[in-house]
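This report describes one protein chain, going from overall totals to helix packing and then to single residues. The sequence and the structure come first.

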Amino acid sequence: MLGKPIVDTSVLHLELEGNSVWPSEEVMAYHTQKYLNDFRGATVCELGGGMTCLAGVMLSILSEADSMLLTDGNEESVDNLNQIIEKNSSAFGKTKVTSRMLRWGDGPVEESLVDKFDIILCADCLFFEEGRKDLVDLVHTMLKPEGKVFMYAPRRGKTFDQFVSLAGEKFHTSVKEEYDPTVWSLHKQMDAKGLDHYDANIHFPLFLSMERINKAS
């Protein structure tokens, strides 16, 4: 982990039923707050958000998004997301927040999700080798032609770079390592303590932003 928490959910009075939040999810919840204007009025989806979809929930409260779809491929996680939505519904304002189970590689994407989203979020979902191409295809299908993708994930050996290479076939990609002074400072502090405390390869998320390559007709 990146040492002390950088997201104080108590400030927002969030009620999160699940307590499993990976460093990449926490960093995404923190860093995307710097792009609130991008989210205002947007249709947003968080893919593979686990038990809490912390970033998606926080943005539902802070960003004035038009809608937020929280997803995971595990039924128990989605049940937990439903409870989180219910307990925090009064904080979402006009943002319509829903959840559903969604897995990549399970066949054709249903029509209601095609070209649906202005922004897609994803944290640390790149390490399953058999699912990388399916994730690229899913995001490309769900994203609007002028939409944006924000992904946060550690290198995990070659897995991050392999995903970026695959994504480059359909997206313009940008990878940043030093994307936020607070996150970078915490990373350097923890890295100095050595591998017994912190392994950047699995703990420090890089920031990958993507936009679709829209070929002229």
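The exposed surface of the protein comes to about 10,800 Å², and carbon and sulfur atoms supply 47% of that area. The model is a predicted one. It has 217 residues, of which 47% count as buried. The secondary structure consists of eight helices and seven strands. Among the contacts with a separation of 6 or more, 80% are between residues 24 or more positions apart.

## Helix pairs

Two helix pairs are described here, with their geometry in the table.

| Pair | Residues | Angle | Axis separation |
|---|---|---|---|
| α1 and α3 | 23-31 and 54-62 | about 20° | 8 Å |
| α5 and α6 | 132-142 and 159-167 | about 45° | 10 Å |

At about 20°, α1 is roughly parallel to α3, because angles under 35 degrees count as roughly parallel. The crossing of α1 over α3 is right-handed. On the α1 side, the contact is made by Glu25, Glu26, Met28 and Ala29, and on the α3 side by Leu54, Ala55 and Met58. Sorted by class, these comprise five nonpolar residues, two charged residues and no polar ones.

Both members of this pair are mostly covered. In α1, nine of nine residues are buried: Pro23, Ser24, Glu25, Glu26, Val27, Met28, Ala29, Tyr30 and His31. The two glutamates that meet α3, Glu25 and Glu26, are thus among the buried residues of α1. In α3, seven of nine residues are buried, namely Leu54, Ala55, Gly56, Val57, Met58, Leu59 and Ser60. The α3 residues that meet α1, which are Leu54, Ala55 and Met58, appear in that buried set.

The second pair has another orientation class: α5 and α6 are oblique to each other. The crossing of α5 and α6 is right-handed. Arg132, Lys133, Leu135 and Val136 of α5 are in contact with Thr159, Gln162, Phe163, Leu166 and Ala167 of α6. By class, the α5 and α6 contact has five nonpolar, two polar and two charged residues.

## Positive phi on either side of α3

Which sign does phi have in most residues other than glycine? It is negative in most of them. Cysteine 53 has a positive phi, near 45°, and glutamate 64 has a positive phi near 60°.

Cysteine 53 belongs to the loop between β1 (43-47) and α3. Glutamate 64 follows α3 and sits in the loop between α3 and β2.

Is each of these two residues buried or exposed? Cysteine 53 is buried, because its relative accessible area is 0% and the limit for buried is under 20%. Glutamate 64 is exposed, because its relative accessibility is 53% and the limit for exposed is over 50%.

## Single residues in strands and helices

Serine 67 is part of strand β2, which covers residues 67-72. With a relative accessible area of 13%, serine 67 is buried. Beyond its neighbours within four places in sequence, serine 67 contacts Ala42, Thr43, Val44, Thr95 and Lys96.

Valine 175 lies in strand β6, residues 171-176. Its relative accessibility of 42% makes valine 175 partly exposed. Apart from neighbours within four places in sequence, valine 175 is in contact with Phe160, Val164, Leu206, Phe207 and Leu208. The C-alpha atoms of valine 175 and methionine 210 are 8.9 Å apart, with their positions 35 residues apart in sequence.

Aspartate 79 is in helix α4, residues 75-88. Aspartate 79 counts as partly exposed, because its relative accessibility is 42% and partly exposed covers values between 20% and 50%. From the C-alpha atom of aspartate 79 to that of methionine 101 is 9.2 Å, and these two residues are 22 residues apart along the chain.

Terms used
Residues numbered from 1 in each chain as written. Predicted model: local features only at pLDDT ≥ 70, side-chain atom pairs only at ≥ 80, totals over all residues. Heavy atoms only, no water. Helix = DSSP H or I, 4+ residues; strand = E, 2+ residues; numbered from the N terminus. Buried < 20%, exposed > 50% of the residue type's maximum accessible area, 1.4 Å probe, protein only. Contact = heavy atoms within 4.5 Å. Areas by Shrake-Rupley, 256 points an atom, 1.4 Å probe, with all protein chains shown as cover. Axes fitted to C-alpha atoms, helices over the stretch in contact; angles between N-to-C directions. Parallel < 35°, antiparallel > 145°, perpendicular 65-115°, else oblique. Left-handed = near helix turned anticlockwise from the far one by under 90°. Nonpolar A, V, L, I, M, F, W, Y, C, P; charged D, E, K, R; others polar.
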